[in-house]
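Colleague: Please take a close look at the empty space inside this protein, enclosed and open. I would like one connected account.

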Amino acid sequence: MNLDKLLEQQVLNDKHWQTALAGEKEQPYFQQLMQFLQQERQQGQTVFPPKERIFAALQTTPIDGVKVVILGQDPYHGAGQANGLCFSVHRDIAIPPSLQNIYKELQSDLGLAHPGHGDLSAWAEQGVLLLNTVLTVRAGQPQSHQNRGWETFTNRVISAVNERCEHVVFMLWGKPAQSKMSMIDSRRHTVLTAPHPSPLSAHRGFLGCRHFSKANAALQKHGQAPINWDLR
């Protein structure tokens, strides 16, 4: 599997991520994480997303281009769903319920029609870091790779964005994402919070949060171009 090599090839070829994550793959926690993932494969477990997509969020959005951070939890655990960008699926995959609620909020907030697909890569290419806090999962078993080391790695990513970027908008949906607030300097960045867009909680305040228009207002206030949230 050699994910540390994948990290080097896919992410650390970007000089800014290379600086921000210097030495991370040599850390004991990361080496233990790599050993765990190798054992999962050796034991015949299917792990999502495919290994070439595990670091897709970092590969698609260089650190010096980050404008917005959306934090997910762990990847989708159904076959073909996880593509390395939180909440996103490839165009030929049925749209998951949480993403359907995100689209409902986009329509309510900005009047954007449903795009008919679940591919959020156009956001990532504009500077929206679509980061799960855990980057892998065992097929059919949500949260099965929690507390194995990914949280330490993604905390390092969040800290790097906080320290190295200016005027980033952090969208923290749900309690796990909001637990990262202490890592973010709200004097330098904009922090937006809401319940998770899951059907279990979206009606408690995610629907109606207007985070997409608020994010663009914050970006423009600080002289940055807004995100085009329209995926059609």
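**Cavities and the largest pocket**

Modeller: The largest cavity holds about 50 Å³ of space. Please keep in mind that this is a predicted model. As background, empty space left between atoms shows up when a probe the size of a water molecule is rolled over them. Searching the whole structure in this way turns up 2 cavities of 30 Å³ or more.

The lining of the largest cavity is made up of Y103, L106, L112, A113, P115, W229, D230 and L231. By class, 7 of these residues are nonpolar and 1 is charged, with no polar residue in the lining.

The second largest cavity has a volume of about 30 Å³. Around this second cavity sit I54, F55, A56, A57, L58, G84, L131, L135 and F153. Helix α4, residues 56–60, supplies the largest share of that lining, with 3 residues. The second lining contains 8 nonpolar residues and 1 polar residue, and no charged ones.

The open space is a separate matter. About 400 Å³ lies in the largest pocket. Its lining comprises 22 residues, and those nearest the pocket centre are Q73, D74, P75, Y76 and H196. Sorted by class, the pocket lining has 10 nonpolar, 11 polar and 1 charged residues.

One of the residues nearest the centre of the pocket, D74, also carries a database annotation. UniProt lists D74 under "active site", in an unreviewed entry, and such an annotation may be inferred rather than shown by experiment. In the model, D74 is found in the loop between β2 (68–72) and α5 (97–110).

Is D74 buried or exposed? D74 counts as buried because its relative accessible area is 15%, and the cut-off for buried is under 20%. So D74 lines an open pocket and is still classed as buried.

The surroundings of D74 can be listed as well. Apart from neighbours within four places in sequence, the residues in contact with D74 are N132, V134, T136, V137, P142, Q143 and S144. Among these, Q143 also takes part in a specific atomic approach: the D74 side chain comes to 2.5 Å from the backbone nitrogen of Q143.

To sum up, the search gives 2 cavities of 30 Å³ or more, and the largest pocket has D74 among the residues nearest its centre.

Methods:
Residues are numbered from 1 along each chain as its sequence is written. This is a predicted model: local features need pLDDT of at least 70, side-chain atom pairs count only at pLDDT 80 or more; totals for chains, interfaces and linings use all residues. Side-chain values use heavy atoms; hydrogens and water are left out. On a 1 Å grid over the protein atoms alone, a cavity is a set of points where a 1.4 Å probe fits but cannot get out, and a pocket is an open set with protein on both sides within 12 Å along at least five of seven lines; lining residues have an atom within 4 Å of a point. Grid points are joined across faces, edges and corners, and a volume is the space filled by probe spheres set on the points. Ala, Val, Leu, Ile, Met, Phe, Trp, Tyr, Cys and Pro count as nonpolar, Asp, Glu, Lys and Arg as charged, and the others, Gly among them, as polar. Helices (H or I, at least four residues) and strands (E, at least two) are DSSP runs, numbered from the N terminus. Buried means under 20% relative accessible area, exposed over 50%, partly exposed in between (1.4 Å probe, protein chains only). Contact means heavy atoms within 4.5 Å. A polar contact is a pair of N or O atoms within 3.5 Å; within protein, one must be able to donate a hydrogen and the other to accept it, and residues adjacent in sequence count only if both atoms are side-chain atoms.
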